Amino acid sequence: MVPAMPRELANLRRSAGRLRNPWKIGVEHLERLPDGACILAVNRVGPFDHLNVMASLGRTATLVLEPQNRRRMIPGLRHVSWDDQSDAERSPAARLARGEILVVFPEGASDGDGVVHKGHARFVALALSTGVTIVPAALVPLKAREALPEFRYRLRIGEVIDTTRFAGD
């Protein structure tokens, strides 16, 4: 029988893992993500949410940005903008047709207060027009003793919403 790891050593090991991938956070119900294309709609709680979500999915995904946020993008992060509709290869719909996961933040920018604010519905129209599912997700707070200050959230993936039942409405 292997003895239990001392708490201090477990915390050190967890911190070392974060150094290898500093943006990765815990994910609950990752198995709910479909194998093919889908739209992952996540609530916004802070300025680095897109980095946390993209690093934690374990799969390639494309972030959909508001047009005003394109200037502040990090090089190397797969992204597309809602205003890329004229570029047939780069549009969000083209990405879905290729089987990609699109990550959207319906609320746009965060107020930093942790409250879910009113969002836009462009992603719903896109899901209906392309027939892909929407997967809701939430960045939920961790208990204070579970979290290091910079990683206060866990990504919780919700039940898949099948949009085909709304087609033609």
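This passage describes the overall fold of a predicted protein model and then its helix H4, strand S5 and a nonpolar surface patch.

In the predicted model, the secondary structure of the protein consists of four helices and seven strands. Along the sequence, these elements follow the pattern α-β-β-α-β-β-α-β-α-β-β. Of the 169 residues in the protein, 38% are buried. Among the contacts with a separation of 6 or more, 62% are accounted for by residues 24 or more positions apart. The protein has an accessible surface of about 10100 Å², and 56% of this surface belongs to carbon and sulfur atoms.

Strand S5 (101-104) pairs with two other strands. With S2, the pairing is in the parallel sense and extends over four bridges; here Leu-40 stands opposite Val-103 of S5. With strand S3, which spans residues 61-65, the pairing is likewise in the parallel sense and extends over three bridges. In this second pairing, Thr-62 stands opposite Leu-102 of S5. The side chains of a regular strand alternate between the two faces of the sheet. In S5, Ile-101 and Val-103 point one way, while Leu-102 and Val-104 point the other way. All of these residues are buried, whichever way they point from the strand.

Helix H4 comprises residues 122-130. Within this helix, Phe-123, Leu-126 and Ala-127 are buried. These residues lie on the same side of H4, because they cover an arc of only 100° around the axis. The cover over the buried residues of H4 includes strand S2 (38-42) and strand S5 (101-104). Helix H3 (92-97) and strand S6 (133-141) are also included in this cover. Strand S5 therefore appears in two settings, as a parallel partner of S2 and as part of what covers the buried residues of H4. After H4 comes Gly-131, which has a positive phi, near 80°.

Leu-128 is also found in helix H4, but this residue is not among those counted as buried. Its relative accessibility is 36%, so Leu-128 counts as partly exposed. Buried residues, by contrast, have under 20% relative accessible area. Leu-128 contributes to a nonpolar patch on the surface, together with Val-124, Ile-161 and Phe-166. The four residues of the patch have about 280 Å² of accessible area together. Helix H4 thus holds buried residues on one side, within an arc of 100°, as well as the partly exposed Leu-128.

Methods
Residues are numbered from 1 along each chain as its sequence is written. This is a predicted model: local features need pLDDT of at least 70, side-chain atom pairs count only at pLDDT 80 or more; totals for chains, interfaces and linings use all residues. Side-chain values use heavy atoms; hydrogens and water are left out. Patches are made of residues with over 30% relative accessible area and no salt bridge: like charges are joined within 9 Å, nonpolar side chains (Val, Leu, Ile, Met, Phe, Trp, Tyr) within 5 Å. Accessible areas come from the Shrake-Rupley method with a 1.4 Å probe; for residues, only the protein chains shown count as cover. A salt bridge is a side-chain nitrogen of Lys or Arg within 4 Å of a carboxyl oxygen of Asp or Glu. Buried means under 20% relative accessible area, exposed over 50%, partly exposed in between (1.4 Å probe, protein chains only). The arc is that of the directions from the helix axis to the C-beta atoms. Contact means heavy atoms within 4.5 Å. Two strands pair if DSSP finds at least two bridges between them.
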